[in-house]
Amino acid sequence: MQMLRIGQTKVHLKGFSYSFRGYATVKKPSQTITEKIVQRFAQNLPEGKFVRSGDYVTIKPKHCMSHDNSWPVALKFMGIGAERVFDNRQVVCTLDHDVQNMSEANQRKYRNIEAFAKGQGIDFYPAGRGIGHQIMVEQGYAMPGSLAVASDSHSNTYGGVGCLGTPIVRTDAAAIWATGQTWWQIPPIARVNLVGQLPKGLSGKDIIVSLCGAFNHDEVLNHAIEFSGEGLSSLDIDSRLTIANMTTEWGALSGLFPTDNKVFEWYENRLAFLGLNHPRVNRKALDDMKSNPIIPDEGAYYAKYLTLDLGTLSPVVSGPNSVKVYNSAAKLEGENIPIKKAYLVSCTNGRLSDIHDAAEVVRGKKVADGVEFYVGAASSEVEEAAKNNGDWQVLIDSGARALPAGCGPCIGLGTGLLKEGEVGISATNRNFKGRMGSREALAYLASPAVVAASAISGKIVAPEGFKDSVHQVSAIDITEKMNTGSNSMNEAGVSDSETAIIEGFPASVSGEIVFCDADNLNTDGIYPGRYTYRDDISKEEMAKVCMENYDVDFGKKTMPNDILVSGFNFGCGSSREQAATAILSRGIPLVVGGSFSDIFKRNSINNALLAVQLPELIQKLRTAFAKSPKELTRRTGWHLNWDVRKSLVEISTADGKKLSWRIGELGNSVQSLFVRGGLEGWVKHEISESS
């Protein structure tokens, strides 16, 4: 325990300064890998502050990637008054999603992106060079111990090489372009222990499909995942990248592997391939990585503990049309499910080992009559390597149809989409209804080996050697056993110091709780879609229609300064920002949820609507009103006070009982977003201060 005399201490943010007196007791906490990386890249932390899960922090990621959405980001960037990118070494632009589209409109957009990138001196990768996430890894933008973000949901991929990767929205990307920074709330962190050894013939895809299917009750929704266990020794980097990539579909915000000898060996091979003078993958970077590997501290707190025995796995298939449904390939083979299309593409399974696994299955064979088998590498580098080792030609000789390096059918663009009534099996990451074509098609996900075997057989089958595999996966949630009697905030090493409040930000937020008892209350329920593209709608009109699709009486039952409390996964659905601004238009300053859709939470903070996750409060409310008549919107008579300085939420119930919970710290830099009216206002202020 360390005692710091703060005395008369001034802390400066751009455009702000504040002072406070007293003592702070700072305990060096045990930290997870996620917390340690965020600690490295967090900005303007008070002296002695150690970040923990739940904290809101300002981050300055090492790199920020955008793809085909780079032009909308550029328009937002220019719309807030920015002219020059803050750090052109931080930004990466790739073209990968719609590379088969040769229409004038798409080509014009691509030309605009290229011209903007070259004018700003940004690293730019044209259509055909590969999928952005693969390029980020190949070219060393995502490095172990680093933090990289992208305006794409599969940024989790970078965790496969020990880089904390997480998605951002376009407004965040524009903010990073303009200032180098954005904000992040460190999620709850789950530890996934991989025990045993992966049987020969299986891959990372079998692991992540099994995890998605075995833990299919949102166990890791909006969590950061860290993988551990002796099973890691049986996973090469390609498998780790596949697993990290699909933690997105599992519901997580990141999926992080530790930096170990497998990672070191992989980077030594990359250094030999790229040459000694590469700007990012070089001898100094590798020596630093080896001398400072980031591993979790003993005693670091995890919100969830899950265990998967790799030795119990067999080739598995996800679907149809859901990653939460899975079966062994051998079982589905017995059901005789004919397929029309098969796909070996995407940032999930378009790497060299994936192409090799598929080539080994089809060597000397032909794709079944009536089946279309599409193959696309994750990058031009991968395709060239597959051509050089002969695997690419083996696939073509079998009857596979080559696609350019890019996203293509995985995102529902270009050649080979599923048509009504068709069944497809794919080595991609999403089999949501309509994702790869018609909503009336059926999509399954599997490993490259299963996909290739199915393409040859004309139906879903298990690869040779696994025809009689028994599906008895050992997957256990041991959270209750590991966390008995613990409290996440206390176990995470909370210091006794208080959060300083910057000028213009309230020290507390309080009001009566209005309870909308519903889980999965989506953005259309909050703000009807028919108003989304009306640019002329006034604040008063927004207030009037707020929540009308959920409850037509919401407007009659609520008043300014109420605290809106709802259930779990609040704000799921579309990315419309009006879901947040409509709530603000009613004068409601704070939403409390059991959990939030991450896109809603980001839109809330970006638009200066406070959001607090407090599942314990939702359970208390549900218990208290369980026997009361059902009301969609209930005035509870309970009052909530959030003491921002103490990171403490206090509740007074209608009958005078007192409840309280510690929550994550709202950092000073993030407070400044609210003072400036949201992220865009903050960016404009930063630009004016620096000009």
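Gly511 stands opposite Leu640 in strand 29. This pair belongs to a predicted model, in which strand 25, residues 508-516, and strand 29, residues 634-643, run antiparallel and are joined over seven bridges. Strands 25 and 29 sit side by side in an open sheet of seven strands. A second group of strands, around strand 19, is described after that sheet.

**The seven-stranded sheet**

- The strand order is 28-27-26-25-29-30-31, and the pairing is mixed.
- Strand 28 (610-613) and strand 31 (658-662) are the edge strands, each pairing on one side only.
- On average, neighbouring strands of this sheet are turned by 25° against each other, with direction ignored.

**The helix on the sheet**

- Helix 23, residues 615-624, packs on this sheet.
- The strands touched by helix 23 include strand 26 (563-566), strand 27 (590-593) and strand 30 (648-652).
- Helix 23 also touches strand 25, strand 28, strand 29 and strand 31.
- The direction of helix 23 makes about 155° with that of strand 29.

**Strand 19 and its partners**

- Strand 19 covers residues 341-344, with Lys341 and Tyr343 pointing one way and Ala342 and Leu344 the other way.
- Lys341, Ala342, Tyr343 and Leu344 are all buried.
- Strand 20, residues 372-375, runs parallel to strand 19 and is joined to strand 19 by four bridges.
- Within this pairing, Tyr343 stands opposite Tyr374 of strand 20.
- Strand 22, residues 423-426, also pairs with strand 19 in the parallel sense, over three bridges.
- Ala342 has Ile425 of strand 22 as its bridge partner.

Terms used: Residues are numbered from 1 along each chain as its sequence is written. This is a predicted model: local features need pLDDT of at least 70, side-chain atom pairs count only at pLDDT 80 or more; totals for chains, interfaces and linings use all residues. Side-chain values use heavy atoms; hydrogens and water are left out. Two strands pair if DSSP finds at least two bridges between them. Helices (H or I, at least four residues) and strands (E, at least two) are DSSP runs, numbered from the N terminus. Axes are lines fitted to C-alpha atoms, for helices over the stretch in contact, and angles run from 0 to 180 degrees between N-to-C directions. Contact means heavy atoms within 4.5 Å. Buried means under 20% relative accessible area, exposed over 50%, partly exposed in between (1.4 Å probe, protein chains only).
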